[in-house]
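Biologist: I have a model to go through with you. Shall we take it piece by piece?

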Amino acid sequence: MKTVDLRSDTVTQPTAAMRAAMAAAPVGDDVFGDDPSINSLQDKLAAMLGFEAALFVPTGTQSNLCGLMAHCQRGDEYIVGQMAHTYRWEGGGAAVLGSIQPQPLEHQADGTLALADIEAAIKPDDAHFAKTRLLTLENTFGGKLLPLDYVQAATDLAKSHGLSRHLDGARLFNAAVAQATQLAGNNVPNLPQSLTDQGQAAITYEAIVKEACRIAQCFDSVSVCLSKGLGAPIGSILCGSADFIARAHRIRKMVGGGMRQAGILAAAGSHALDHHVARLADDHGLARRLADGLQGLPGVVVEPPQTNIVFVDLVDGAKARGAGLIPHLKSHGVLATGLYRLRFVTHLDVDAAGIDHAVSVIRAYFEHH
């Protein structure tokens with residue numbers, strides 16, 4: 001059986017159709033702004049999310065960095081979650097390269113930042129303090145959908161205090177699928193089949209894009225990864241106003257993100273936006289299939305997934321045996337991570353048979369160790 005790689009949705013391989021689109025892509029020199037495939041991709045996502053302009057960059061880390069540095073000057077401050085990617089997992093780039101001070105806040109159980117905590121963290125205009133300039137949120141956060149009413153309230157609060165608002169939307173389209181699913185009144189499917197096949201109302205591409213736009217329009221800028229659930233091999237896009245993107249473009253050059261005939265990569269992103277958005281619902285269904293399959297194991301606590309990420313905590317006797325789990329899984333063709341919790345991520349290169357194999361191996365481990 002092929003390896004079932006559940007470490008992340010970044011491990012996907014380009015599909016045959018995506019490779020064909022990349023091979024056929026017209027290219028130019030993007031530093032001069034004349035790569036037609038990159039310009040087309042930037043225009044496509046900006047229009048989808050309701051922004052004036054967009055900027056293609058190699059990575060999500062660089063996209064967020066360009067965004068933060070375009071919003072903030074040296075000595076400014078951004079409010080961010082303690083476990084948010086822009087604060088914890090991106091090498092401290094905003095502080096090191098942008099001289100932007102982070103003001104981290106504790107997350108609530110649902111991944112949100114309490115509105116009272118956000119307001120209390122905003123500094124007065126006083127020479128003793130860094131200038132609070134920006135609120136940064138992440139959606140999805142740890143696989144959780146931030147409720148739209150919360151996102152609207154938090155960004156409205158920030159705007160009322162004169163702050164800009166940035167979204168790390170690495171998995172924005174996963175959030176949009178979950179939001180569209182909630183609005184349609186459907187449960188996330190347990191099988192990787194279309195909702196129509198299960199006799200439920202289909203969640204259309206148009207509905208997903210509509211929800212992505214509703215989320216995005218709460219912010220002044222949004223970063224979207226193409227190389228996670230959308231399955232492109234590389235690339236992220238930063239969206240915002242034309243003036244904002246002009247500033248970000250200068251920063252991208254400064255940090256080494258200017259590429260030449262990169263339209264080959266942009267073509268993969270355009271293909272992903274055209275063909276891999278609606279199928280994200282399949283990944284969500286497989287995550288539920290995995291979570292359901294692990295129920296009932298003593299000492300194994302499964303957090304019900306809202307999107308394509310399943311977190312598992314080991315308690316009591318299972319915790320003591322947990323150290324050997326990841327090597328055991330690898331020896332049986334299943335890859336996973338356990339940096340701070342066990343994490344399993346579904347994606348387009350995982351199918352129902354792979355999930356069932358993973359469940360079988362995990363259950364066997366805890367039943368016999």
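Modeller: One definition before we start. Buried area is the accessible area, with a 1.4 Å probe, that two parts lose on being put together, summed over both. Keep in mind that this is a predicted model.

Biologist: What area is buried between domain 1 and domain 2?

Modeller: The domain assignment gives domain 1 as 16-276 and domain 2 as 279-368. Their C-alpha centres lie 28 Å apart. The contact takes 23 residues from domain 1 and 22 residues from domain 2. Carbon and sulfur atoms give 59% of the buried area, which is about 2,000 Å².

Biologist: Which helix gives the most to the largest nonpolar core?

Modeller: In soluble globular proteins, nonpolar side chains tend to be buried together. Here the largest nonpolar core has 61 residues, and L45, L49, I118, L137 and F173 touch the most other members. The helix that gives the most to this core spans residues 172-184 and supplies seven residues: α8.

Biologist: Which residues is L137 in contact with, leaving aside its neighbours within four places in sequence?

Modeller: L137 is one of the residues that touch the most other members of the largest core. Contact here takes heavy atoms within 4.5 Å. With sequence neighbours within four places set aside, the list is L113, L146, Y150, A154, H166, L167, D168 and F219.

Biologist: Within what arc do the buried residues of α9 fall?

Modeller: Helix α9 covers residues 205-216 and reaches 16 Å from its first C-alpha to its last, close to the 16 Å expected. Its buried residues are I208, V209, E211, A212, I215 and A216. They line one face of the helix, because seen down the axis they fall within an arc of 160°.

Biologist: Which exposed residues sit on the face of α9 turned away from its buried side?

Modeller: Take the covered side first. What covers the buried residues of α9 includes α2, α7, β6, α8 and β7. The face turned away from the buried side carries the exposed residues E206 and K210.

Biologist: What is omega at the cis peptide bond between N139 and T140?

Modeller: T140 lies in the loop between β5 (131-138) and α7. The cis peptide bond joins N139 to T140, with omega about 5°.

Biologist: What is the phi of S99?

Modeller: S99 sits in the loop between α5 (93-98) and β4 (101-105). S99 is partly exposed, at a relative accessible area of 26%. Although S99 is not a glycine, its phi is positive, about 55°.

Definitions and conventions: Residues are numbered from 1 along each chain as its sequence is written. This is a predicted model: local features need pLDDT of at least 70, side-chain atom pairs count only at pLDDT 80 or more; totals for chains, interfaces and linings use all residues. Side-chain values use heavy atoms; hydrogens and water are left out. A nonpolar core is a set of buried Ala, Val, Leu, Ile, Met, Phe, Trp, Tyr and Cys residues joined through side-chain atoms within 4.5 Å. Buried means under 20% relative accessible area, exposed over 50%, partly exposed in between (1.4 Å probe, protein chains only). Helices (H or I, at least four residues) and strands (E, at least two) are DSSP runs, numbered from the N terminus. The expected span of a helix is 1.5 Å times one less than its number of residues. The arc is that of the directions from the helix axis to the C-beta atoms. Domain bounds come from an automatic or database domain assignment.
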